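Please open the model in the viewer and keep the selection panel at hand. The tour begins with a single strand and then moves outward.

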Amino acid sequence: MATGISDKVAILGMGCSKFGERWNDNAEDLMLEAFTEALGDSGIEKDRIEAAWFSTAIEEQHVGKSGIPLAMALRLPYIPVTRVENYCASGSEAFRGAVYAVASGACDIALALGVEKLKDTGYGGLPQRSRGALNDQFWANASAPGSFAQLASAYCSKHGISAQDLKRAMAHVSVKSHDNGAKNPKAHLRNKIDEDKVLNAPMVAEPLGLFDCCGVSDGAACAIVTTPEIARSLGKTDLITVKALQLSVSNGTEAQHNSWDGSYFMTTRKAAERAYKEAGITNPREQLSLIEVHDCFSITELVTMEDLHVSPEGGAVKDIMDGFYDADGPVPCQIDGGLKCFGHPIGASGLRMIYEMYLQMQGRAGERQRADEPVFGLTHNLGGFPHQNVCSIAIVGKEGA
Amino acid sequence: MSVGIQAFGGYVPQLRLDRASIAAAHAWFNPGLKGLGKGERAMANWDEDAITMAVAAARDCLGTNSTVELGGVYLASTSLPFQDRQNAGVIAEALLLGSDLLTLDIAGSQRAGTSALSAALAMAAGGGKPLLVTAAEKRRARAASPIEMTTGDAGAALLVGEGDGVAKLLGRHTKAVDFVDHYRGQDEAFDYTWEERWIRDEGYMKLVPAAAEAAMQAAGVSGADINHFCFPAAMRRVAGGLAKKLGIADEAVRDNLQANLGEAGAAHGLVMLVHALEEAAPGDNILVTGFGQGCDALVFEVTDAIKTTRPEVGIGGYLKRGRTETNYNRYLAHNDLIEMERGLRAEMDKQTGMTTLYRNKEMILSLMGGKCSQCGTVQFPKTNVCVNPNCSAVGTQEEYPLSGASAKLNSFTSDRLTYSPDPPAYYGMVQFDDGGRSMTDITDVDPAVGLEVGMPMHLTFRVKDYDAKRGFRRYYWKAAPDAAAKGD
């Protein structure tokens, strides 16, 4: 009987590059920047790393395929490198690979590194690209904002909430993330905004305006993981361990079966329930200290608050407007600025979320440090579209908590 | 053995370009166009062409869930999307007509529509299954040319076969004369046109009467017996002059729809015939002509069956359901008559794998879904494993066509980021009333009305993407609001 991942793997070191428009850096430069920080943090030599997982999602825009780009960029000593891709949840997949490798006993120390270099397309937003030979012949001509925007029409219809009230709560989500991002020196967007600015911004995909959408960024993030015993043998104390790693992948029910109403994420609900069980969390609203969710769009963050069972169903608008998820609220969400402001270099994002939890739990988050000492942190990393997606949830926390 | 028209239908695109907007744009260059700058002309949406309009007209004629077995499908047009890939074959796939039929493109002349009808009636006289004659036209015209003003985009469809039907064929005749009033050589984008006065005096006034008189003689009727005279040309006052010459009463001359549609090229004779059938009474005689390197003339007698056989919408219905477009630039863009900055996102390669398309043609061209023989769940696309979470049976999917299914909108957006030839791009989750759903493109959205959750939708066959690099275009089914199509 499987016992889950809780407390079997500890984070030995983490690193994250500055996110943003890194016009003068290649993906390899970003990888090295994140890795150098992580390696220094871990206190080990590079040759102690026995295996690596490398995540990128839109590799044709930068490094190309395979694990080779990571091995070459870091001059890894001919160790196994696996390249993973799972839409925007790719970074969490790299972490899962490395953590499972350590937990299985197959290796002592493993590396997870994610990178994306998106600002070489010549235009803003994610690259317009093929979705597959047959998909291109029948899928809607959909962008990411247009796909996620539909949550709003379905949510309003289901909960009988007016489009104006929903839009205002969505605006609060973005204003809050900009407030938080302003305090993060590595964030892509560090400007504060107000509700009026969000509400009056040009429309991208109804009802998502410019400030309802996250930035598209260049960046890399990295984790080095090992067993708690080895971490202690290397002189580490107050370990941050992995409590849960869950992934849920759509099987076509949302896209093809009329049981889904379009207002929530089936995957998130399933992954969250399994993750809480794995971590031994029974009341997420009370027990979670911090959450970092996949706020690709303001509406995604809003419905995710319910899918994670932190807000009651239909109650996210009230919680958001009450400041429940603000940096000084009971459960801060996106205390680092989130995808919205820290930025969204796809392959790195899942690892960036865990990086923030790791810093906060060690009291190393600088100006944005949460005053109450965090115990459990949840990261939620989503890829695809509401009607067919992959959802990864990780919970990290203090060892033994 | 008599032959006749068994069913009829038409299609006019939703957009109607205000001609004054065309005249205003060109007034600096050719103020003379102002005389033509009245009324509206039908304007195909960016995702419509002769094939899609013919499919729409055929569905109007046969009904959206027709199971009629056909002996053939003809498509008449001088604006066929493909020079070498049978265009009528695409229509047969879209209409789920199976593969045991004759598909045929008829082109090369403005009388292609009436010639196709004449040929089909001749073939029907030999017995066998009924034949579907479709005609559709989206003529390209140079900016500031008279035909930019006088033409309009539309389609028509007629089911012909043994028996009197709604309109029994009484007689027909064709005069084939190489009278070149205009022409368009191979690889030329636009027509080259000769002087109007010559076309009128030597063409219309001489060739049409010769063909019409011969057809009426074959039919055993005289001009005085004709209740509906369809002369599908835009030129003013010609039809009246011809009627006078043929002894046809002035009130029998049918409206050439110049005020609200325009002349739909090779399709226009059939468009006018369908419109006449919509308004005809039992016993009426209809004379329809088609002019182009000679003239076709056909005489029909309307039967009692006209009282019960109606198109779903009809030309008259579609004419009432237009939306005025006052932006001439949109017409230029939709017809590729202006070099637009379409942005880097438009550069995405749209190559279509012929193997992929062929393997999935029922799904793509016919919108074929599946229904589980075990649990009854409908799904799209049809796959090997049932989508019902409580079933998941393998290999139980039976074919279940969805192109005629009624549907409602579950969620939607209007997207200004993704590349669309007509932003914003509308799309959403469209749920079929009897099961199945699809995240799909939505077309013909009236921005003044917009979309809302729960809105009734129907499916329409459209161009999904143009591959300008290779001259290919992909077809697929899109959703459209019922309100837009039905004008409620």
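Select A:Trp53 and A:Ala112 of β4(A), which stand opposite one another. This is a predicted model, in which local features need pLDDT of at least 70, side-chain atom pairs count only at pLDDT 80 or more, and totals for chains, interfaces and linings use all residues. Residues are numbered from 1 along each chain as its sequence is written, while chains are lettered from A and ligands numbered from 1 in the order in which they are written.

Extend the selection to strand β2 (residues 51–55) of chain A, which runs parallel to β4(A) and is joined to β4(A) by 5 bridges. Two strands pair if DSSP finds at least two bridges between them; helices (H or I, at least four residues) and strands (E, at least two) are DSSP runs, numbered from the N terminus. Next, add strand β7 (residues 219–226) of chain A, antiparallel to β4(A) and joined to it by 7 bridges. Here A:Ala112 stands opposite A:Ala223.

Now isolate β4 (residues 110–116) of chain A: 7 of its 7 residues are buried, so the strand is largely enclosed by the rest of the structure. A residue is buried if 20 or more other C-beta atoms, placed from the backbone, lie within 10 Å of its own. In a regular strand the side chains alternate between the two faces of the sheet. In β4(A), A:Ala110, A:Ala112, A:Gly114 and A:Glu116 point one way, and A:Leu111, A:Leu113 and A:Val115 the other way.

Zoom out to chain A, with 15 helices and 11 strands. Of its 401 residues, 62% count as buried. The C-alpha trace of chain A spans about 55 × 45 × 45 Å along its principal axes.

Next, select the contact between the chains, which takes 32 residues from chain A and 39 residues from chain B; two residues are in contact if their C-beta atoms, placed from the backbone, lie within 7 Å. On the side of chain B that touches chain A, β18(B) gives the most, with 6 residues.

Finally, colour chain B by domain: domain 1 (3–334) and domain 2 (357–367 + 402–486), with bounds from an automatic or database domain assignment. Their centres, taken over C-alpha atoms, are separated by 28 Å. The contact between them takes 19 residues from domain 1 of chain B and 18 residues from domain 2 of chain B. On the domain 1 side, α2(B) supplies the largest share, 4 residues.

Terms used. A residue is buried if 20 or more other C-beta atoms lie within 10 Å of its own, exposed if 12 or fewer, and partly exposed in between; C-beta atoms are placed from the backbone.
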